[in-house]
Protein chains: 2
Amino acid sequence: MVQTDTVLNDVDKAILRLMQDDARITNVAISKKLKMAPSAVLERVRKLEERGIIRGYTANLDPAALNKELLAFIFIKSADGFGCDTSAKAFAAIPEVQEVHNIAGDDCYLVKVRVANTQALMELRRKRFSKIANILSMRTTIVMETVKETQTISIT
Amino acid sequence: MVQTDTVLNDVDKAILRLMQDDARITNVAISKKLKMAPSAVLERVRKLEERGIIRGYTANLDPAALNKELLAFIFIKSADGFGCDTSAKAFAAIPEVQEVHNIAGDDCYLVKVRVANTQALMELRRKRFSKIANILSMRTTIVMETVKETQTISIT
DNA sequence: GGTGAAAGCTCTTCACA
DNA sequence: TGTGAAGAGCTTTCACC
């Protein structure tokens with residue numbers, strides 16, 4: 001259940017900032033920073049989770065250590081109609097696919113993939129993408145260096 | 001200190017999978033799943049952190065709840081020379097910028113930004129990007145719908 | 001919504017294997 | 001590297017405000 005039409009107050013925002021920065025921060029640490037009781041913080045965190053504002057918690061891993069050093073963006077034109085996500089869902093189901101966006105303009109989809117190397121990228125294209133129906137064309141852009149990569153939202 | 005030239009064994013990989021999936025999982029829960037003592041798990045997690053394989057832990061927040069509903073990719077051509085990250089670092093310093101990649105091909109940089117709306121995007125372009133030196137051209141692509149958005153690495 | 005006390009777990013250290 | 005025991009510290013509940 002996601003309620004996004006709800007206003008967050010400053011305490012909620014402070015909690016979100018702290019947890020976005022370090023998801024393993026303890027309740028007690030938050031409560032000390034915010035000068036509240038740990039039980040009050042726990043209550044707010046639970047509500048933020050229930051409301052879908054906190055979607056989950058994840059560890060940020062080094063791609064190189066996991067042999068996933070190649071990042072690429074693939075622009076895909078598809079014959080999917082408006083509001084039809086058939087091929088998008090097929091892309092999303094591939095573990096190496098980190099993002100799938102429906103974009104404005106000529107290309108229909110922008111897909112971000114992370115794999116071991118160029119060979120793995122070619123195999124992914126041949127074995128997975130080429131089998132997805134409705135694809136009209138694909139254009140791949142390889143990332144040479146990543147300067148910043150975060151999902152952090154600036155909380156204002 | 002980042003040592004990426006080190007081999008991870010199956011226990012390390014299992015820990016990384018669990019923590020990537022839920023960064024707030026307790027040591028005890030990991031130790032039960034892996035049938036180890038909590039102290040042994042703690043030791044491994046610490047080493048994964050020290051080695052830079054675990055870079056940190058973050059909460060995954062709903063952009064809509066934080067009034068950051070517009071996602072855009074900006075392709076930027078810059079006059080930066082090879083190995084010169086001057087403008088890339090300037091992009092990375094902007095809080096609304098989530099990613100900065102140096103890409104192969106015509107465009108030099110691919111920048112991912114998350115803002116409130118089109119007006120905020122225009123302001124960001126006018127007030128922040130336009131003041132960064134070396135920029136030759138900018139092309140903005142707006143995301144209409146995000147089908148998948150994760151940083152999860154498939155651990156094999 | 002928030003507080004504070006209490007019980008139950010979890011974390012963390014350390015001696016030992 | 002891993003285990004198990006022990007103390008410290010954290011989480012969670014609950015009565016009360």
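Biologist: Which residues around DNA strand D come nearest?

Modeller: Good place to begin! This is a predicted model. Of the 13 residues around DNA strand D, the nearest are Asn27(A), Arg46(A), Ala37(B), Ser39(B) and Arg44(B).

Biologist: How do I read which part of DNA strand D the protein approaches, sugar and phosphate or bases?

Modeller: Look at the strand's atoms within 4 Å of the protein and ask what they belong to. Here 64% belong to sugar or phosphate, and the rest to bases.

Biologist: Which residues have polar atoms by a phosphate oxygen of DNA strand D?

Modeller: Let me give you three examples. In chain A, a polar backbone atom of Val28(A) is 3.0 Å from a phosphate oxygen, and an N or O atom in the side chain of Arg46(A) is 2.7 Å from a phosphate oxygen. From chain B, Lys47(B) has a polar side-chain atom 3.5 Å from a phosphate oxygen of the strand. The elements giving two or more residues to this surface are helix H2 (27–34) and helix H3 (38–50) of chain A, together with helix H3 (38–50) of chain B.

Biologist: How do the residues of that surface divide into nonpolar, polar and charged?

Modeller: Near DNA strand D there are six nonpolar, four polar and three charged residues.

Biologist: Now the other strand, please. What residues are around DNA strand C?

Modeller: Chain A provides Met36(A), Ala37(A), Ser39(A), Ala40(A) and Arg44(A), while chain B provides Thr26(B), Asn27(B), Val28(B), Ser39(B), Leu42(B) and Arg46(B). Of the atoms of DNA strand C within 4 Å of the protein, sugar and phosphate account for 69%.

Biologist: Which polar atoms lie by a phosphate oxygen of DNA strand C?

Modeller: You can point to a polar backbone atom of Ala37(A), 2.9 Å from a phosphate oxygen. An N or O atom in the side chain of Arg44(A) is 2.5 Å from a phosphate oxygen of DNA strand C, and a polar backbone atom of Val28(B) is 3.0 Å from one. H3 of chain A, together with helix H2 (27–34) and H3 of chain B, are the elements that give two or more residues to this surface. By type, the residues near DNA strand C are five nonpolar, four polar and two charged.

Biologist: Let's turn to the sheet. What order do the strands of the barrel follow?

Modeller: First the general idea: strands of a sheet pair through backbone hydrogen bonds, either parallel or antiparallel. In this model eight strands close into a barrel, with antiparallel pairing, in the order S2(A)-S4(A)-S3(A)-S5(B)-S2(B)-S4(B)-S3(B)-S5(A). On average, neighbouring strands of this sheet are turned by 35 degrees against each other, direction ignored.

Biologist: Over how many bridges do S2 and S4 of chain B pair?

Modeller: Strand S2 (residues 70–78) and strand S4 (residues 109–115) of chain B pair over seven bridges, in the antiparallel sense. You can locate one of the pairs by finding Phe75(B), whose bridge partner in S4(B) is Leu110(B).

Biologist: And where is Ala116(B)?

Modeller: Ala116(B) is in the loop between S4 and helix H5 (118–127) of chain B. Its C-alpha atom is 4.0 Å from that of Lys68(B), although the two are 48 residues apart along the chain. Leaving out residues up to four places away in sequence, Ala116(B) touches Asn67(B), Lys68(B), Glu69(B) and Leu70(B).

Biologist: Finally, how many residues of chain B are in contact with chain A?

Modeller: There are 63, and they are in contact with 63 residues of chain A. About 6,200 Å² is buried between the chains, with carbon and sulfur atoms giving 55%. Arg24(B), Lys148(B) and Gln151(B) supply 12% of the area that chain B buries against chain A, more than any other three residues.

Technical notes:
Residues are numbered from 1 along each chain as its sequence is written. Chains are lettered from A and ligands numbered from 1 in the order in which they are written. This is a predicted model: local features need pLDDT of at least 70, side-chain atom pairs count only at pLDDT 80 or more; totals for chains, interfaces and linings use all residues. Side-chain values use heavy atoms; hydrogens and water are left out. A residue is near a molecule or strand if one of its heavy atoms lies within 4 Å of it. A polar contact is a pair of N or O atoms within 3.5 Å; within protein, one must be able to donate a hydrogen and the other to accept it, and residues adjacent in sequence count only if both atoms are side-chain atoms. Helices (H or I, at least four residues) and strands (E, at least two) are DSSP runs, numbered from the N terminus. Ala, Val, Leu, Ile, Met, Phe, Trp, Tyr, Cys and Pro count as nonpolar, Asp, Glu, Lys and Arg as charged, and the others, Gly among them, as polar. Two strands pair if DSSP finds at least two bridges between them. Axes are lines fitted to C-alpha atoms, for helices over the stretch in contact, and angles run from 0 to 180 degrees between N-to-C directions. Contact means heavy atoms within 4.5 Å. Buried area is the accessible area (1.4 Å probe) that two parts lose on being put together, summed over both.
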